[in-house]
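Here's a quick tour of one protein model, going from its open and closed voids to the packing inside. Have the structure up on your screen and follow along.

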Amino acid sequence: MTETISNAIAEPGPDQQEIEARLTRSVVNSFDDCDNPRLKFVMQALVRHAHAFVREVRLSEEEWNTAIEFLTDVGHITDDRRQEFILLSDILGISMQTINVNHETYENATEATVFGPFFVDDAPRIDIGGDIGGGAAGQPCWVEGTVRDTGGQPIPNARIEVWEADDDGFYDVQYDDGRVSGRAHLFSDEKGQFSFWGLTPTPYPIPHDGPVGRLLAATGRSPMRASHLHFMVTAPGMRRLVTHIFVRGDELLTSDTVFGVKESLIKDFVRQEPGSPTPDGRDLGTQSWARAQFDIVLAPTP
């Protein structure tokens with residue numbers, strides 16, 4: 001179908017091509033006197049690519065007006081609790097591609113992935129072995145690991161931010177009652193080790209009641225994200241790591257709507273039967289739980 005549509009687009013004649021190319025050159029050249037070399041480079045590249053898109057698809061005025069209305073709707077729904085532009089960037093793969101460009105693989109360092117729109121500054125601090133759940137619904141999950149450099153040396157006192165959705169598929173900031181749950185920060189010990197209780201990640205949809213959701217529906221795409229747990233890890237002299245871990249066996253690993261899954265970040269979340277002894281002696285009664293290992297390797301600051 002796509003090939004049929006593409007073939008049906010009439011190729012403009014030489015005179016029309018020159019008119020269009022002349023405009024592109026004129027707009028590109030309008031930035032020649034920009035004093036900021038990086039800004040000049042970015043703006044001229046943006047114009048070339050945007051004009052090439054318009055010319056390739058033979059964009060109609062109606063389609064462009066629809067796009068402007070769509071972006072206006074994205075702006076109107078964005079506020080201090082909801083960032084629809086991040087969702088748009090995510091579902092177009094631009095967020096993930098920006099991550100790829102800015103975080104090239106480095107030796108054996110843990111790979112980065114998308115930040116997402118639900119991080120909150122000043123999450124509560126917990127001690128090693130503490131609970132980030134804050135009463136959120138879900139299966140308890142023990143997560144443990146080490147933070148090391150690429151040479152294998154432990155990194156003590158690394159700050160580890162963790163956040164996740166509850167079993168109903170919502171982050172705390174999506175509720176209106178001011179709750180703080182499913183998020184916290186902690187620090188690695190002198191051996192680089194860390195551990196905490198969280199929730200076993202489950203799939204959830206990104207917010208799809210707005211313009212981004214309408215775009216996904218119109219194009220036959222799902223709003224579902226693969227099950228994951230967010231991490232942001234920082235330490236002096238080390239490159240900041242923003243990443244997730246994903247649940248092995250999740251059917252959505254190959255269709256994550258923001259394209260955030262990387263093979264190295266897929267981990268085993270091993271189910272433990274009710275009554276199984278927990279690592280810290282916590283009594284979970286008749287509740288099952290899970291455990292996961294995530295060893296983090298930080299790259300040095302460039």
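Thirteen residues line the largest pocket of this predicted model. H49, A50, F53, V54 and W64 are the ones that lie nearest its centre. If you want to know which helices to colour, go for α3 (37–57) and α4 (61–77), since each supplies at least two residues of that lining. The largest share is from α3, which puts in 7 residues.

What about closed voids? Searching the whole structure turns up 2 cavities of 30 Å³ or more. Around the largest cavity, G116, P117, F118, Y204 and R225 lie nearest the centre. The elements giving two or more residues to this cavity's lining are α5 (84–91) and β7 (228–234). Here are the two voids side by side:

| Void | Volume | Lining |
|---|---|---|
| Largest pocket | about 530 Å³ | 13 residues |
| Largest cavity | about 70 Å³ | 14 residues |

On to the packing. Nonpolar side chains tend to be buried together in soluble globular proteins. In this model the largest nonpolar core has 37 residues, and V147, F196, F231, V233 and I296 have the most contacts inside it. Take F196 as a way in: leaving out residues up to four places away in sequence, F196 touches I126, G129, G130, I132, C141, W142, V143, V162, L186, L229 and F231. A separate core of 8 residues lies apart from the largest one, with F118, F119, Y204 and V242 among its members. Two of those names should ring a bell, as F118 and Y204 also turned up nearest the centre of the largest cavity.

Now for a charged residue. Is E161 buried or exposed? E161 counts as buried because its relative accessibility is 6%, under the 20% cut-off. You'll find E161 in strand β2 (residues 159–163), and its side chain makes a polar contact of 2.8 Å with that of R159. Beyond its neighbours within four places in sequence, E161 is in contact with F119, A123, A184, H185, H230, F231 and M232. One of these, F231, is also among the residues with the most contacts inside the largest core.

Last, the cysteines. How many disulfides does the structure hold? The count is 0. C141, one of the residues F196 touches, is buried, at a relative accessible area of 1%. C34, with a relative accessible area of 26%, is partly exposed, because that value falls between the 20% and 50% cut-offs.

Conventions:
Residues are numbered from 1 along each chain as its sequence is written. This is a predicted model: local features need pLDDT of at least 70, side-chain atom pairs count only at pLDDT 80 or more; totals for chains, interfaces and linings use all residues. Side-chain values use heavy atoms; hydrogens and water are left out. A nonpolar core is a set of buried Ala, Val, Leu, Ile, Met, Phe, Trp, Tyr and Cys residues joined through side-chain atoms within 4.5 Å. Buried means under 20% relative accessible area, exposed over 50%, partly exposed in between (1.4 Å probe, protein chains only). Contact means heavy atoms within 4.5 Å. A disulfide is a pair of cysteine sulfur atoms within 2.5 Å. Helices (H or I, at least four residues) and strands (E, at least two) are DSSP runs, numbered from the N terminus. A polar contact is a pair of N or O atoms within 3.5 Å; within protein, one must be able to donate a hydrogen and the other to accept it, and residues adjacent in sequence count only if both atoms are side-chain atoms. On a 1 Å grid over the protein atoms alone, a cavity is a set of points where a 1.4 Å probe fits but cannot get out, and a pocket is an open set with protein on both sides within 12 Å along at least five of seven lines; lining residues have an atom within 4 Å of a point. Grid points are joined across faces, edges and corners, and a volume is the space filled by probe spheres set on the points.
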